[in-house]
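Trainee: Could we go through this model together? I'd like to know what stands behind the words we use for it.

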Amino acid sequence: MMRRFGTFGLGALALVLAVALPLAWGGMAALRASLDFSRAGWAGMVLLAGLAALARATRQQLLLRHLGAAPGVGVNLAASLATETAYALTPGGAGGPPASVWLLRRAGVPLPAALAVSAADPLFDALFFALALPLAALALTFETRVPALRDGAWLASGLLLLALGLVWLLRQRLLRWLCVLSRRRPRWRRAWRDLRKSLRELARGGVRLWLPQLLLATVQWCARYGVLALILISLGHALPFALLLLLQGVALHAAQWTGAPAGAGGAELALGLVLSTLMPASSAASAVLLWRIGTLLLPSLAGALAFMALGARRVQPAPSQAI
C-alpha cells in the first residue's frame, strides 16, 4: 500500500511541477498568454494528441493480431492509453512495461502475447528515433542557433542504432537465457516457452509487420511533437519542426534519466531555457505550459479514466494463440 501511495504521489507531483514551473518562471505574463490561447489552438492540440494515441493503439493492435490475440478495438485503445500514462507518471517510465502486461491481461490477452508485445513496442520507438534524429540533424545542417543540440542528435542516434543492433545480434542468446531461466522456475516453464514462440513469431513478421509499425510510430511521435509546433505557431513564434523534434526528443529522454516521472522539472527547464534564447521569456514559459497540458495533463487524464475502466472490467478468457 505504501509503495502504491508513493508511486501515485510521484505521479501527482510530476503533474503539479509540469504546471507550476512554467508559471513560476514566466509569471503572470505566461499565464495571461496561456489563457488567451485560441480555441482553434486548443482544438488542434486535442486532435494531435488524439492522433498520437490512436497511432499507438493501432500499433499495439497489429502486433496482437499477428499473434492471434487481439482484443476489441475499444478495449485495446483503453489499454494503450492507460499504458502511456503508466510510462509517463512513474520514475524513468519503469511502470510502463508491468502496467502494459497487466492491462492486456485484463483485456483477455494471453500472458506470452502480452509480454512479447510489451517488449517489442519500445524497440520500434527506438528504431524511429534512431532514424528520425539524424534526418532532423541533416535538415538543420546550416542552423547555427543550437549546434550542441544537433551534435547531440548524432550521438543519441548512434547509441540507439548500436543498442538495436546488439539486441538483434544477440536475440538467439537472449531466447536461450529465457529458456535457462524457465528451468530454474518450473512453474514458469510453460509461460517462458510460449513467450519464446511469441517473440519468434514477431521476429518472423518481416517487412509486412515492421514497416507498418515504423510508419505508425512516425505518425505517433510526429503528432505528439507537433503539439509544440502548433503552440508556437499560434503564439506567433514558429520554429522549424526538425528543430522542435530534436529539442523535445533530447530534452525528454535526457530528463527521464533523472528518475522523475515524465522528467518533471528537467524537461520543462531544458525546453524553456532553449526556447527563451529564441523568443521572449514569457512566450517561452507560456509555450512550455501549454505543451505540458497538451502532452502530459490531458493524455494522463484520459489514461487514468481508461485505467479505472479496465480495472473495473471483468477479466475475459484469453483467446487461443494462432502461432
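Trainee: Which element gives the most to the lining of the largest cavity?

Mentor: In this predicted model, that's α5, with three residues. The elements that give two or more residues to this lining are α2 (39–66) and α5 (111–139).

Trainee: What makes it a cavity and not a pocket?

Mentor: A 1.4 Å probe fits inside a cavity but cannot get out, whereas a pocket is open. By this rule there is one cavity of 30 Å³ or more, and the largest holds about 40 Å³ of space.

Trainee: Which residues line the largest cavity?

Mentor: Arg56, Gln60, Tyr87, Ser100, Val117, Ser118 and Asp121. They split into two nonpolar, three polar and two charged. Tyr counts as nonpolar here, as does Val.

Trainee: On to the helix pair. Why is α2 called oblique to α12?

Mentor: The axes of α2 and α12 (residues 281–311) come within 10 Å and cross at roughly 40°. Angles under 35 degrees would count as roughly parallel, and 65 to 115 as roughly perpendicular. Roughly 40° fits neither range, so α2 is oblique to α12. As for the hand, the crossing of α2 and α12 is right-handed.

Trainee: How do you know that α2 and α12 meet, and through which residues?

Mentor: Contact means heavy atoms within 4.5 Å. On the α2 side you have Trp42, Met45, Val46 and Ala49, and they meet Leu290, Ile293, Gly294 and Leu298 in α12. The residues of this contact come out as seven nonpolar, one polar and no charged. Gly counts as polar, so Gly294 is the polar one.

How values were computed. Residues numbered from 1 in each chain as written. Predicted model: local features only at pLDDT ≥ 70, side-chain atom pairs only at ≥ 80, totals over all residues. Heavy atoms only, no water. 1 Å grid on protein atoms, 1.4 Å probe; cavity = no way out; pocket = protein on both sides within 12 Å on 5 of 7 lines; lining within 4 Å. Points joined across faces, edges and corners; volume = space filled by probe spheres on them. Helix = DSSP H or I, 4+ residues; strand = E, 2+ residues; numbered from the N terminus. Axes fitted to C-alpha atoms, helices over the stretch in contact; angles between N-to-C directions. Parallel < 35°, antiparallel > 145°, perpendicular 65-115°, else oblique. Left-handed = near helix turned anticlockwise from the far one by under 90°.
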